[in-house]
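Please open the structure in your viewer and keep the sequence beside it, since this tour moves through a sheet, its helices and one residue in a loop.

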Amino acid sequence: MQLSTTFRHMDASQAVRDYAEEKLDKIRKYFQKDPIAAHAVFSVERGFHHVADINITLPNGIVINAKETTEDMYSSIDLATARIERQVRKWKEKIRDHKPHGGPSVSVREMVLLAEDMEPRPSGSPGAAPNRTAAAKPAPPPPSVPAFQVVKDETFTARSMKVEDAVMQLNLLGDELLVFTDVNSQTISVLYRRKDGNYGLIETGREATSKPVTPSRSGAHS
């Protein structure tokens, strides 16, 4: 398995890289002998949250992801690779049978907006409008364009696939929502996990007319 690594807010560690590679090699048995690309991001947040974010891309375009956080990087790697193995075991037959459809794919932009910029502030909180008095000057008019902070801004590929494949891809990514191009209708659709355990499917009716592209990441990632 071809593993590339990124270290954030921590020193690069060959020992951590070797450990992750060893764990991922145990998952190799579930796949064919085609080259498999894997990328792992290791980071430390708030000084003690050790995050292992592992992403595997198969030759047929399927993407598998797991992200775990503990107070020890090796434990985070253990949990992330164990979760990947559980999902691969569950979906291994469909993974092996999956063939890229080669239909149109489109680029979709996802932005994460800061909640406190979008929701009304409680009265009395910093930034809330002060009580008006007779001598108070009128507040200036709000700007024509709302000001909000974008926490994350990324572009991903909405790949062409059947609804059944989209369900599999949603589970392998561990996400709650997936944007894809329906291979049958050739339109952009949204698959999401409902609170009752079922799956919701939104058909936008927007036809995907862009040219096929090489998949890099499937669906929207929270």
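Two strands are said to pair if DSSP finds at least two bridges between them, and strands themselves are DSSP runs numbered from the N terminus. Keep in mind throughout that this is a predicted model.

With that in hand, select strand β3, residues 49–57, together with β4, and you will see two strands that pair in the antiparallel sense over eight bridges. To look at one of these places, pick Thr57, whose bridge partner in β4 is Val63.

Now add the other strands, which gives an open sheet of four strands in the order β1-β2-β3-β4, with mixed pairing. Because β1 (2–8) and β4 (63–70) each have a single partner strand, they stand at the edges, and one side of each is left without a neighbour in the sheet. Neighbouring strands of this sheet are turned by 15 degrees against each other on average, direction ignored.

Next, select helix α1, residues 14–25, which packs on the sheet and touches β1, β2 (37–45) and β3, while its direction makes about 140 degrees with that of β1. Helix α2, residues 73–97, also packs on the sheet, where it touches β2, β3 and β4, and its direction makes about 145 degrees with that of β4.

Finally, go to Ile62, which is found in the loop between β3 and β4. Is Ile62 buried or exposed? Its relative accessible area is 0%, so Ile62 counts as buried, the cut-off being under 20%. Show the residues that Ile62 touches, among them Ile56, His98, Met168 and Leu172. Arg159 is also touched by Ile62, and although these two residues are 97 residues apart along the chain, their C-alpha atoms are separated by 9.9 Å.

Note on methods
Residues numbered from 1 in each chain as written. Predicted model: local features only at pLDDT ≥ 70, side-chain atom pairs only at ≥ 80, totals over all residues. Heavy atoms only, no water. Axes fitted to C-alpha atoms, helices over the stretch in contact; angles between N-to-C directions. Contact = heavy atoms within 4.5 Å. Buried < 20%, exposed > 50% of the residue type's maximum accessible area, 1.4 Å probe, protein only. Lists of a residue's contacts leave out its neighbours within four places in sequence.
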